[in-house]
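This briefing walks through a single structure by topic, beginning inside the fold and ending with the backbone. Please keep the sequence and the coordinates at hand while reading.

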Amino acid sequence: MHTTTSDTEPEQRTAAPRGPAARAGRISAQGAAALVLVLLLLVVVRLPWAGDLGMHAATVERLRHSLPHPGNPLVDADTPSPYYSPWTLLLGIVAKVTGLSVFVVLRLAALAGLALLVTGVHRYVRTLTAHRAAPALALLSLLFLWGPALFAWSGFLGLNSLALTVSYPSVFALGLTFHFWAWLTRAARGPAGWGAGPALGALWAGILLCHQFTGVVATLGALAMVAAARPARATLLRLGTGPLLGLLVLWLWPYYDFFALFSAGGDLEAVHRSLYRDLAGRFGYVLLGVVALGFRLRRDRRDPLALFFLLGVAMAAAGWLTGHYSWGRALPAALIPAQLAAALEAVSAGRWAARRAWACVLLVALVAGVWTQAGTLGYVVRRDALPQAVAVKYREPWAGYQWIVRAGVRYGDVVMARRFPARQIPAYGPYTVAPGYPDVFLPDAKRREAAVERYFSAATGSEERRGILREYGARWVVGGAPAPWLHKTAVGPRGQVLYRVVP
């Protein structure tokens, strides 16, 4: 059987030291990680609303009402959507069978995603080192080793970002990704049976379908790990069946054309341009991990984390240079290996003094990261109970639009609303005239957005506004000026007015 130093070297190189100091360090890291997980579990109870939560709630709501033909999740149109994934399909089935509200189902999704993420990080880190403190240190680095500026985006694992996106498919997909990497690393070190390739391929396709951007990160990591493992020819041949099956699964997925996403652009690129702003502020502390990667690369020219980092940097840089700013969603492919490397360096072999010095530097960086994201406490503690210095870091979540449902808006009703309300209203069952998010599969998205802009423009006449409502079958209006054919029905937060359209 073909073997390489990659099969055994990580465990030998990072054998866990013994003694009271090592034991105290391990217990401290594990205790800190446990406290953070308790915080996240409390966040799940509240499920703060921000970002794309309305989109995911609307997706589950449509699947609850029609599993085979859910239609567009946001507007009354029969179009496919990339949000209909294996994970949201399962959540839709749970909602349909149990009768639970969509937000209870999303809380269950958050628990499942969090469990997958924690166990996945543990399993993958164990392929890199046998040190018992490493998984906890790795989790803390993934959550806190970011930068002095607060940053939240789905697919990025900062604590504040995770608190706001914990119920999203991206967290579930990231959890699957860490398990995928752990399984692939062990299989690549060999020997691997013929069943490993197809199973890994199906898992890879599932990640891509659940969250396409995380699927790209998973793919770059997989390439690095196979290259680092230098598998025997027979093992490589067996693993090679995986991508073939994965591509077949992607091609057969019935809810949307996965490969059509490669031609998406326009609004998608504009939305993601902001990912390239303030890189030092958002990710400055990750430079510690870059230094650690340099040490790892010096020890092993095929270090999997170093190769992974280089692939991630290359793709993100290519996105900036070519104007494909959505490629910036591959930044976790550079951040994750650097964060893991920073944690692993604190327990790696070498002189005791060097390990202790690195651990101290890492601790300082983690404490700085904790301070940056201290406002996350506001999701589980009342703002007025927080210290003033922490309270100013807290960002109030959105209020939601449950009030329009209580006022009479029903499932399937069309609501005329501006972009911000349109990001939340479909979560409760109604549609909006224009989607609150970019939709690459909605052919008249621009026309709908223009219609909404015309309706709320002060220069648009009363009859033209009424004609727009008739064209899209809108029965309700949120905001805007009153009119004789609008009946004021309810007033919500911040003085928003709900009007019923009088026939």
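Thr-177 is placed in helix α8, which covers residues 169–189, and in this predicted model that residue makes a convenient starting point. The points below go on from there to the nonpolar cores, the cysteines, a surface patch, a contact between segments distant in sequence, the salt bridges and two residues with positive phi.

**Helix α8 and the nonpolar cores**

- Thr-177 counts as buried because its relative accessibility is 0%, against a limit of under 20% for that class.
- Leaving aside residues up to four places away in sequence, Thr-177 is in contact with Ile-207, Thr-214 and Ala-218.
- The largest nonpolar core has 134 residues, and the members with the most contacts inside it are Phe-103, Tyr-124, Phe-156, Phe-178, Phe-180, Trp-181 and Leu-340.
- Helix α8 supplies the largest share of this core, with twelve residues.
- Trp-181, one of the core residues with the most contacts, touches Tyr-124, Val-217, Ala-218, Gly-221, Ala-222, Met-225, Phe-308 and Ile-336, when residues up to four places away in sequence are not counted.
- Separate from that core is a second one of 20 residues, which includes Ala-434, Val-477, Ala-483 and Tyr-499.
- As general background, nonpolar side chains tend to be buried together in soluble globular proteins.

**Cysteines**

- How many disulfides does a search of the whole structure find? The search finds zero.
- Cys-210 has a relative accessibility of 7% and therefore counts as buried, whereas Cys-360, with a relative accessible area of 42%, is partly exposed.

**A nonpolar patch on the surface**

- Leu-245, Leu-247, Leu-248, Trp-251, Leu-252, Phe-259 and Phe-262 together form a nonpolar patch on the surface, and their combined accessible area is about 740 Å².
- Within this patch, Leu-247 belongs to helix α12, which covers residues 241–252, and its relative accessible area of 39% makes Leu-247 partly exposed.

**Asp-267 and segments distant in sequence**

- Asp-267 lies in helix α13, which covers residues 267–272, and counts as partly exposed because its relative accessibility is 29%.
- Although Asp-267 and Tyr-437 are 170 residues apart in sequence, their C-alpha atoms are 9.3 Å apart in space.
- Asp-267 touches Pro-438, Lys-446 and Glu-449, again without counting residues up to four places away in sequence.

**Salt bridges**

- A search of the whole structure finds nine salt bridges, and three of them are described here, following the general point that side chains of opposite charge can pair when their charged atoms come close.
- Arg-64 and Glu-61 form a salt bridge through their side chains, with an N to O distance of 3.3 Å; both residues lie in helix α3 (residues 53–65), where they are three residues apart, or about one turn of the helix.
- Are the two partners in α3 buried or exposed? Arg-64 is buried, with a relative accessible area of 15%, and Glu-61 also counts as buried, at 10% relative accessibility.
- Arg-296 and Asp-303 meet in a salt bridge with an N to O distance of 2.9 Å, in which Arg-296 counts as buried at 5% relative accessibility and Asp-303 counts as buried at 2%.
- Arg-382 forms a salt bridge with Asp-384, and the closest N and O atoms of that pair are 3.0 Å apart; here Arg-382 and Asp-384 are both exposed.

**Residues with positive phi**

- Most residues other than glycine have a negative phi, and the two residues below are noted against that background.
- Leu-47, which is not a glycine, has a positive phi of about 50 degrees; this residue is found in the loop between α2 (20–46) and α3, and Leu-47 is buried, with a relative accessible area of 10%.
- Arg-494, also a residue other than glycine, has a positive phi near 60 degrees and is placed in the loop between β4 (486–491) and β5 (497–501).
- Is Arg-494 buried or exposed? Arg-494 counts as exposed because its relative accessibility is 61%, while Leu-47 is buried.

Key
Residues numbered from 1 in each chain as written. Predicted model: local features only at pLDDT ≥ 70, side-chain atom pairs only at ≥ 80, totals over all residues. Heavy atoms only, no water. Helix = DSSP H or I, 4+ residues; strand = E, 2+ residues; numbered from the N terminus. Buried < 20%, exposed > 50% of the residue type's maximum accessible area, 1.4 Å probe, protein only. Contact = heavy atoms within 4.5 Å. Core = buried A, V, L, I, M, F, W, Y, C linked by side-chain atoms within 4.5 Å. Disulfide = S-S within 2.5 Å. Patch = residues over 30% accessible without salt bridge, like charges linked within 9 Å, V, L, I, M, F, W, Y side chains within 5 Å. Areas by Shrake-Rupley, 256 points an atom, 1.4 Å probe, with all protein chains shown as cover. Salt bridge = Lys/Arg side-chain N within 4 Å of Asp/Glu carboxyl O.
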